[in-house]
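Biologist: Please show me the structure. I would like to ask how its terms are earned.

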Amino acid sequence: MSHTLRDPYEEAKKQLKESIEILGLTDEVYEILAAPERLIRVRIPVKMDDGSVKVFTGWRSQHNSALGPYKGGVRYHPDVHEHEVIALSMWMTWKNSLAQLPYGGGKGGIKVDPHKLSPGELERLSRKYFELISKVVGIDEDIPAPDVYTNPQTMAWYMDEYSRLKGFHAFGVVTGKPLLLGGLYTRIISTGHGTAVAAAEAAKKIFGGVEGRTVSIQGFGNAGQYAALSLKEMGAIIVAVSDSRGGVYNPKGIDVEKLIKIKRETGSVLNYEDAEKFSSKDPLYVDADILVPAALENQITAENADKIKAKIIAEAANGPTTPDGEEILTKKGIVVIPDILANAGGVIVSHIEWVNNRMGGWLKEEEVKARLEEKMTHNFHAVWDFWQNKLDTEKYNMRAAAYALAVKRVYDAMKLRGWI
Ligand code: NAD
């Protein structure tokens, strides 16, 4: 995340404080929600291929469980630190609450550069981490999933290790698993497709529809590719796309299927011929109706927010807009569909995977996609209506509305449970 620029935990607490103020709640509520219910730090000894032993540090932060078992990914990254994991677990509480899932928020991390480990070392690291947290995770306790540099294979190791320890087949203890072990195909398209559905709903509000509207996309990995594909299928025109090496621009439209093929075969969008070439950041500034940041955090800042021409920004990436950047966007009247709403497709399909595992694998993929669309649409309107009808829209933007609504649901659940 963005800890080089700002401490994510401080930022998460600031956002929580604003939501508490908007909702007129007491300091006690802030006290409960400003820190995780449980935070565990583990030391993970791993026997390396050369016979030596290396010890890695890992965390699992379980932020709040008022709405249900904790849910959230595990990331493997050399820069992972405790504050980052705590902040991400808090954001998962809000994301799950906003998506109306029966989950609280959790997040895990291991401080490691996974690219420096052999497959065997990575497997031993993953199994030992899961063994060390096995007392606090579980199908009805805490359900991890993939995040940065973890994937379906990691989840298969976690699930197998947990099943071995507990003596039964615990498919539902993690989501984002391989298809053969209870995963869902729709999980692959879920984030990008979900972002496209949210962007299309916003386009209906702002332009009367998404058809014929122009779209610019920064980042062309999993989220960016499926957002592009879905928006094109909905009738939008994709005019600009970039990856880490550079970007392509054609105001008449880019052939998305062809671009995906080129990206997969050659490693970069720059090998697409029928377009003008420009830099990785340029999609942010082109003349397009909708902008989808789908790369990294901190892309839209106080330095460049003024150059943005889009009327709608659908945040597929986590944290692409800094708070001071967003102030400028808000003043310009640009609607930002915040990440916790716009990129919730992944966790929505994770929930369906978990339900399906508990039913012994009953659902059809078509049902999964339809449910994802229905939920994204519903969630978009819930936030939009709360924003427009319950808040002063001059004072608060859509992100503030999303956080406040998410916090409100968690507060209501805590009250019903008798915690406060
Ligand atoms: P990915 O690794 O598949 O793709 C990232 C893409 O961004 C790549 O095409 C890369 O070339 C590009 N990129 C990197 N630096 C760039 C730069 N400076 N300018 C332009 N492009 C750049 O990752 P992903 O899974 O698509 O995730 C992208 C973002 O979406 C991240 O912020 C991630 O946290 C967020 N997200 C993803 C999911 C998911 O399910 N995939 C879910 C929620 C949030």
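**Ligand shell and domains**

Biologist: What makes the shell residues nonpolar, polar or charged?

Modeller: The shell around the ligand divides into 7 nonpolar, 10 polar and 3 charged residues. Ala, Val, Leu, Ile, Met, Phe, Trp, Tyr, Cys and Pro count as nonpolar, Asp, Glu, Lys and Arg as charged, and the others, Gly among them, as polar. This is a predicted model: local features need pLDDT of at least 70, side-chain atom pairs count only at pLDDT 80 or more, and totals for chains, interfaces and linings use all residues. Residues are numbered from 1 along each chain as its sequence is written, and side-chain values use heavy atoms, without hydrogens and water.

Biologist: Why is the pair at Thr-191 called a polar contact?

Modeller: A polar contact is a pair of N or O atoms within 3.5 Å; within protein, one must be able to donate a hydrogen and the other to accept it, and residues adjacent in sequence count only if both atoms are side-chain atoms. An oxygen atom of the ligand is 2.7 Å from an N or O atom in the Thr-191 side chain, so the pair qualifies. A polar backbone atom of Gly-221 is 3.2 Å from a ligand oxygen atom.

Biologist: Which domains does the protein chain have?

Modeller: Domain 1 (36–170) and domain 2 (189–342). Their bounds come from an automatic or database domain assignment. The C-alpha centres of the two lie 30 Å apart.

Biologist: How do you know that they touch, and which residue counts are involved?

Modeller: Contact means heavy atoms within 4.5 Å. Domain 1 gives 4 residues to the contact, and domain 2 gives 4 residues.
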